[in-house]
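Me: I'm new to reading structures and would like a close look at a single part. Could you walk me through it?

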2 protein chains.
Amino acid sequence: MRYYAGVDLGGTNTKIGIIGEDGEILVRNSIKTNSHEGVEVTMTRIWQETVRLCTESNIPSDSLAGIGIGIPGPVMDQEVVGFFANFPWEANINLAELMKRISKVETKLENDVNVIAMGESKFGAGKGSRTAITVALGTGVGGGIVVDGRLISGVAGAGGEIGHMKLVDNGKICGCGQRGCFEAYASATGIIREAVSRLAVNKQNMLFERIEGRIEELEAKDIFDCAKAGDEFSVDIVEYASKYLAMGIGNLLNIINPERIILSGGVALAGDILLDNVREKLKNYAMPVTLKGMEIVQGTLGNDAGIKGSIALFI
Amino acid sequence: MRYYAGVDLGGTNTKIGIIGEDGEILVRNSIKTNSHEGVEVTMTRIWQETVRLCTESNIPSDSLAGIGIGIPGPVMDQEVVGFFANFPWEANINLAELMKRISKVETKLENDVNVIAMGESKFGAGKGSRTAITVALGTGVGGGIVVDGRLISGVAGAGGEIGHMKLVDNGKICGCGQRGCFEAYASATGIIREAVSRLAVNKQNMLFERIEGRIEELEAKDIFDCAKAGDEFSVDIVEYASKYLAMGIGNLLNIINPERIILSGGVALAGDILLDNVREKLKNYAMPVTLKGMEIVQGTLGNDAGIKGSIALFI
């Protein structure tokens, strides 16, 4: 058995795990990223913690077959980070080379959502499929496209940025500054935004009661829970989100024709009330040939997708 | 030098060429497809013509390194045709096996638009690029996506069916039966349809004069020619087509992040009046990172893209 270190570099915390080539995590821990200390200090601390985890699991750290790191930003050629979202680190750093210099272990990087897609594709809900697209539905909408086991990373590391696919010309403004993005409609933020705008004019519903009128605390989960409980107001919002989700996923089916669509992230936890709706509406958007045998499933790796996926870069 | 036969199987005519591995065509000819005679008879005649062309160019036919065939329909695993558009041939035939049995030469198939994309990518406007998407703008809109030199064919052969990406929810009806498809707006048919609907209420323009009121004979070229000559009415229609073209291409850039977009087909012949407009409008739809260093160019292979592309499957 070969062993790898999987690293999920986050804005606040960084998760590190020692993982076998079968995807089983032997041991894991989370440390503060403290990016303000500089890239070299953070990378050195990540390596020190990796060595400690190796010792804990009786794996000689010099026998590690690779270190895979998921990055919150675009990655080119699995080596260079175009820029870090919310880190005070410079652009276009060859972080793989830096980590290799510190650790003497072969290192590969990928964008964090692409890493989740690789994890789900090789060890999770996509296991056994040749071509799978992971749609990560959280605060934003991200994506990772795996074709014949290989990621579509893009020439500037922006492959799989499906959240900024435009679904409405000159539509709702998105965090990216452009308009009509998939993310502006189908992310948790997009769904909450639609609910808030409807609650402003309609307070006679279970959702408003549930949150006791504290609209600023509304979460996507509240909406899905009320819809499951039969609240018509919330059911309509789920319909709205499902429509755009089906339109976005339908476009991916027509362009890539994958075997599987894997929904991950917080919104995906809504489960069947969302998935069944999307499956039904997909018939309006995806060519019939792309739906034959295609499955939409929930991701299965949860919080482990990041560290498992980063070692999938080596396998 | 290794030599290949490239075959572009069409509804009426089939083009056949003998081509070197450098993409140079030694000799070529076109024969009637006569699909009503049955798949075996047509394939046998294609092989007989291939042998004759080999003799003509002094290449022993038993030294051919491969036969590549472009197919008007979805192709799975470069072997099996899902169905033939407008051919009385049965579905799911292993045409590669059949041709190999007849010719004793290794045979590979691909969808015809995917073949054009491979041709442009390896020998034409995409030469030297790692990742290029060909957007074929004709009666419909087709596409072929080449990532790191490999086609995204799709699990059911429907990879690259970009013409059915939805740009408008519940939008204009498309030939496929669904609504709001890219093709319904940006194909020659879509552009003509928009012009016709505008001409019904506005006849005071250069375009109406040029076609002498024979609206049923209107071609996309008339619209582009009048726009180039300064006709405001036609300029507006080019604006309309450019907007949807930019939205569709912008989505492809966000999803795949390629190095190059290659426009081929009749509409692409409009040249700069269309391309410059699309380049300008792309800023509203594509993430800035995907535009850096990305070029939109016209295809260069024209009618040879089919036979050149089919041998690119081997290289």
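Is the crossing of α1(A) and α2(A) left-handed or right-handed? Please also tell me what surrounds that answer.

Reply: Happy to help! Keep in mind that this is a predicted model. The crossing of α1(A) and α2(A) is right-handed.

Let's look at the two helices themselves. In chain A, helix α1 covers residues 39-56 and helix α2 covers residues 95-103. Their axes come within 10 Å, and the crossing angle is roughly 50 degrees. Because of that angle, α1(A) counts as oblique to α2(A).

Now for the side that each helix brings to the contact. From α1(A) come Val39(A), Glu40(A), Met43(A), Thr44(A), Ile46(A) and Trp47(A). From α2(A) come Leu95(A), Leu98(A), Met99(A), Arg101(A), Ile102(A) and Ser103(A). Sorted by character, the residues of this contact are eight nonpolar, two polar and two charged.

It is also worth stepping back to see how chain A meets chain B. Here 43 residues of chain B are in contact with 43 residues of chain A. The area buried between the two chains is about 3400 Å², and carbon and sulfur atoms give 58% of it. On the chain B side, Val155(B), Asp169(B) and Ile255(B) supply 19% of the area that this chain buries against chain A, more than any other three residues.

Asp169(B) deserves a second glance, as this residue also forms a salt bridge with Lys243(A). The closest N and O atoms of that pair are 3.0 Å apart. Between chain B and chain A, the count is four salt bridges.

Conventions
Residues are numbered from 1 along each chain as its sequence is written. Chains are lettered from A and ligands numbered from 1 in the order in which they are written. This is a predicted model: local features need pLDDT of at least 70, side-chain atom pairs count only at pLDDT 80 or more; totals for chains, interfaces and linings use all residues. Side-chain values use heavy atoms; hydrogens and water are left out. Axes are lines fitted to C-alpha atoms, for helices over the stretch in contact, and angles run from 0 to 180 degrees between N-to-C directions. Helices (H or I, at least four residues) and strands (E, at least two) are DSSP runs, numbered from the N terminus. Angles under 35 degrees count as roughly parallel, over 145 as roughly antiparallel, 65 to 115 as roughly perpendicular and the rest as oblique. A crossing is left-handed if the near helix is turned anticlockwise from the far one by less than a right angle, and right-handed if clockwise. Contact means heavy atoms within 4.5 Å. Ala, Val, Leu, Ile, Met, Phe, Trp, Tyr, Cys and Pro count as nonpolar, Asp, Glu, Lys and Arg as charged, and the others, Gly among them, as polar. Buried area is the accessible area (1.4 Å probe) that two parts lose on being put together, summed over both. A salt bridge is a side-chain nitrogen of Lys or Arg within 4 Å of a carboxyl oxygen of Asp or Glu.
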